[in-house]
Structures are given as structure tokens and as C-alpha cells.
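This briefing looks at a few helix contacts and individual residues, grouped by topic. Please keep the structure in view while reading.

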Amino acid sequence: MDRDEEKGHGDRSLLFIGDEDDDIGVDRDGGSPPSSDAGSSFSERSDDGIDDDPGGGDGSGSGSDDDADADGTATQGRVPNVARQQAAWPQSYRQSIDMLSAVQSPTVSSIMAASPSLTKFGSSFIKAGSSFFLNKKAAAEGSLPLTRPLLPPSLSQLSQQGQPAARLSTDSLPPRPPAPALQAPTMQQRPSAACLKSNYIELPPPSSKCSSSQSIINGLNVLCGVGILTTCFGIKEAGWLSLLLLPLLGACSCYTGLLLKRCIDSSPTIETYPDIGQAAFGISGRIFVSVVLYLELYACCVEYITLLGDSLSSVFPSAHLAFTGIYLNSHNLFAITMALAILPSVWLRNLSLLSYLSAGGVVATITVIVCLFWVGIGDGVGFHPSGTALNLTHLPVALGLYGYCFSGHSVFPNIYSSMKERSQFPFVILFCFIVVTVVYAGVAAAGFLMFGESTMSQFTLNMPQQYVPSKIAIWMTIVNPYTKYALTMTPVALSIEEALPKKMRNYLAGMCVRTALVLSTVVVALSFPYFALVMALLGSVFTMLVALILPCACYLSIKRNSVPLWEVSLCIAIILIGMVCACIGSYTSIKQMIGGS
């Protein structure tokens, strides 16, 4: 087994639902099962690579494992480090972000195995839809009490209750026959199984780990988002030569994605982006990275509301509402209406169906691209060369728009940990970035050649409404963000609910938090109804941080003792590029938004 498979395994136990004996009878390394003693269970599965000290993540964690196994004192000293990491905020990050990486949909049999309550219903139609509703037993017991816990119990809570605090693992290792003594019927339940019984949020359970082809689809689904709608607007703003920024940003983002993989491989306790931040800069680094990632997700939800309002107002331009002196134009009316329509999906206990629907993001993107070329070639719009070579004044706006196209690094660690063959991750990420760069450049060139200087912030708004492909493209841009809104907002909501005082962690408080988040995105979207400029701001600030600056900074901190000089220079250059782009791009975007208002 190579090193990639031995280290950095992702913990998907909060998402995976499988055989209860997978992680009970057999330890990851083929050893004895976890003991009920918290210290012994952690001693076999963790290392001192993660600590509050920024210097704790230098990639030497694996070597200390063997020493600690031989030295009981060192083992006991290592337990608080892992316990602090397990208790650090946010604990809900992995299970919620896993829904955004569109892992393969489970088979019908695995769904039935994961959700036994579905077998209570007769028809397959009801089986498919019953995940949205409470089962009969829950309804009879006074479904969803307001005091129900919001989040699954933490490992420290489970250990206090007498359950083993072992590090969870659902890696697809070859099964080994358990020892006869391990087959006792009084075996205690593993923490992951107890966590999965939480009735507040139920996550879709993949049946197995992803192959390389499935991981490619997941990567494309993450990278091929709404950013493709604004690429031709970038040419309008900055000229044709601005397209050179696409391969430049794509190459830098691909390289930093590989740096995240190396950070995860440096220690088995590093599994998510916040874990990388903690390994590099301690608890403060974990919190900073988490806040940046959650702000990026929140801002994406704001863009979804703006996109829904723009798209529907183009279909129904004369719609308006005048009531008691309040006038809402078409854009504002549909933005508010769609937010109210989305709100129930944000309250959902089970997001399985939405996660499967959002996995069709690649299909939606392909459909929109086909419709664009169909209108240009088949319906007589044609391609007409126009535009300038370079416009330095608006180049920062195009820089932010192009940067937003490569904002997928928050999900890359999850995709990496879900792969069967982790050694294929460099090929997967390289293939994904090459494909999306070519697609973005082709759509940008085709869209601007079709619509020229009249190109709007979303090229779908320029497509003639009398053509069938135009209608298909518009409705694709409406359905896609509608299904992704709840999945994008759920990590933000869970992080806030996790930070609430213990007495306030109930279903009613969760509904209030989620309602407030949805309403706040509407307020922000109506206050700044500039889809392209807000996207440029997001690309300039959050994408430069998440995709360029933070991966290089964390990598240099974690692996500082083993990084060659040329790579140090390259990482520093990428950090400087990201900082310059963030400052110039955000300043230009904000200035234009203020001027436009």
C-alpha cells in the first residue's frame, strides 16, 4: 500500500452509512478494536502532528506514531492534542461540505439499508420521497420536538457517556476476519453510529468510495458553476487579451490544489481545510480559515438570489407588485418570491434528494453551453468579431470574474479523501482544470462574438427569448441555483448552530437561524443587485484567499523543513500575486458598485 493510502485518510463516518461491523471489529491498521478508554483509543489512531502550536504540523506525525506506540507516556501526552482538534469549532464542516462534493448516488439497496424507515412504505415512489418527511413512528410520538439536539454528539461527549472515543474511519480497506473475542453480542456501539441517529440532519450516504472517473465528475461539478455565465462579460470589460488570465489562474489554482493534498498527507489527523489551517497556524488558523470558507458560501447564496431575480425578470419582464405604497419591480419581486420558495428546503431534515439533484450541475452547465452555440449557429444570431484588445481600467474586474471560476478548493480535500486510488488525485485535478479552462475560454469567446458590446452580466440574458434553446438555458439557470441554495447554506447554518449555547441548540433555534440567514441574503442581494460586480468581488477576495494565498501559506508552514528553495520561491510568488489581485480587484469592484448605485 502506498503512502497516499496509508496517510491522510478522510473520515466520512458522519456521512457514510454501512455495515456496523466495518469499524468495530477491525482497526484501520488491522489491530485490536478501540477500547472504551479514551486514551487508548486515541493512542493508536492519532499523532502529534496537530497542535495549537503552529509548529506542530511539520509533516513528522507518522514517525512519532511508532515512538508513541512504544512509549506509553508519549501516547498519553498526545491524546489532548487530538482531543482539542476534535473539540475545536467547527465540527460540522466535514459532514456538511461532503454534500457539496457530489459523491456517487447510492444504489436503491444501499438507500434502503441506510434508511430502514423507508421500508415502512409500500411503493417505490413513496420510498423515494419519504426522506423529506418524518416517518410514521416519529409523527406518532409528536414529531420533531423543539428540544431535539441540533448537532450529533461530539466524541468527548460520547466518551463521557462510556462509549469509545476512537477516531472514526470508513476507509475501504480489505475486510479482515475479526478475532473470536470481538464477536461478543455486548459490543458497544461506535460513535459514528450514534452520531448518525441524529434526527436533525440526515446526510446522503454514498455506498462506496469514488473511482477516478467519479472523482473527475465531482471536480467538474464543483468548478463548473455559475461563473461560466460571466466569462464573456469579462472580455467586454477588459478586452480579448484578458483571456490570458484564465490559464494563468487555472495553473496556479491547480498547483495549490496539489499543495492541499500534500498538507493532508502530512498527518492522518488532517482531513479538511480547517484542519490544514490548524496544523499550520494553530486554533486561530482553523477559525480564520473556517470563517473565510463560510463567508464565501454565504456570498454564493447571495449570488444565487440575484441570479434567480435576473433570470425570472427576463422571462416575465412586466411583473411587478404595488401594495400600500410599496412598489416592487420584476427583479425585486422574483428575488423575494424565490427566497420564500427556497426557505422550506433550508429547513429540511434530510437533504439527500437535493444533493443528488445538485449533482446534475455538470449536466446543467453542458446544457447551457449547447444552447449558447445552438443559438449562435442554428438560429441565425451568428458570430461578429468586435471589442478591444485590452482595457487596463476594467482589467481587475475581469480578474475577479475569472478567479471566481476556479473557486473549488474548499471541497478538494473532501474529494481527495473520498477516492479509492488517492495516487490518481494529481491526474484528476489536472484533468479537471484543463477541461474547465478550455470550456470557460471557449464560452467567453463565443458569447462575446455573438453579443459584442451589448453583452450583459449573464449571457443568458442576451439570448433571444423567442428561441427554444434560449428558454431552456434560462430555466436551467433558474433550477440549478434553486437546488444548490440549501446545500450551500447548510454548512453556514450548522456552524452558527454549533456555536450557540448548549441550551439553545434545539430545532426552533435552528429554524430561526436558517430563516435569518435566508432573509439576510435577500437584503444583501437587493442592496447590491450587481451580479457580475459582486462575483468579481468574491473572486478577488475569497477565491484569492482560499485558492491561492492560504494553500501556499499553510503548505510552507506545515512542510517548512522539507520544502526546496525553488518551491518556496514559487509559493511566495503565488501569495504575492494573490494579494495584489485581491487588493486591486476588490477596490475596483467596490468602486464600480458605489458608482452604479
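In this predicted model, Thr588 is in contact with Thr393, Pro396 and Val397 once its neighbours within four places in sequence are left aside. Thr588 belongs to helix α24, which spans residues 565–596, and two of its partners, Pro396 and Val397, are listed among the buried residues of α18.

**Thr588 and helix α18**

- Is Thr588 buried or exposed? With a relative accessible area of 12%, Thr588 is buried, because the cut-off for that class is under 20%.
- Helix α18 is mostly covered, with 9 of its 10 residues buried, and these buried residues are Pro396, Val397, Ala398, Leu399, Gly400, Leu401, Tyr402, Gly403 and Tyr404.

**Helices α12 and α18**

- Helix α12 (residues 231–238) and helix α18 (residues 395–404) have axes that come within 8 Å and cross at roughly 165°.
- Because an angle over 145 degrees counts as roughly antiparallel, α12 and α18 are described as roughly antiparallel to each other, and their crossing is left-handed.
- On the α12 side the meeting residues are Thr231, Phe233, Gly234, Ile235, Glu237 and Ala238, while α18 contributes Leu395, Val397, Ala398, Leu401 and Tyr402.
- By class, the residues of this contact between α12 and α18 divide into 8 nonpolar, 2 polar and 1 charged.
- Val397 thus has a place in two descriptions, since Val397 of α18 meets α12 and Val397 is also in contact with Thr588.

**Helices α14 and α15**

- Helix α14 (residues 273–315) packs against helix α15 (residues 330–347) at an angle of about 125°, and their axes are 8 Å apart.
- How are α14 and α15 oriented to each other? They are oblique, because the angle of about 125° falls outside the ranges that count as roughly parallel, roughly antiparallel or roughly perpendicular.
- The crossing in which α14 passes α15 is right-handed, and the contact is made by Ile305, Thr306, Leu308, Gly309, Asp310, Leu312 and Ser313 of α14 together with Ser330, His331, Phe334, Ala335, Met338, Ala339 and Ile342 of α15.
- The contact of α14 with α15 comprises 8 nonpolar, 5 polar and 1 charged residues.

**Thr324 in a loop**

- Thr324 is found in the loop between strand β1 (321–323) and strand β2 (326–328), and its phi is near 50°, which is a positive value in a residue other than glycine.
- Thr324 is exposed, because its relative accessible area of 64% is over the 50% cut-off.

How values were computed:
Residues are numbered from 1 along each chain as its sequence is written. This is a predicted model: local features need pLDDT of at least 70, side-chain atom pairs count only at pLDDT 80 or more; totals for chains, interfaces and linings use all residues. Side-chain values use heavy atoms; hydrogens and water are left out. Helices (H or I, at least four residues) and strands (E, at least two) are DSSP runs, numbered from the N terminus. Buried means under 20% relative accessible area, exposed over 50%, partly exposed in between (1.4 Å probe, protein chains only). Axes are lines fitted to C-alpha atoms, for helices over the stretch in contact, and angles run from 0 to 180 degrees between N-to-C directions. Angles under 35 degrees count as roughly parallel, over 145 as roughly antiparallel, 65 to 115 as roughly perpendicular and the rest as oblique. A crossing is left-handed if the near helix is turned anticlockwise from the far one by less than a right angle, and right-handed if clockwise. Contact means heavy atoms within 4.5 Å. Ala, Val, Leu, Ile, Met, Phe, Trp, Tyr, Cys and Pro count as nonpolar, Asp, Glu, Lys and Arg as charged, and the others, Gly among them, as polar.
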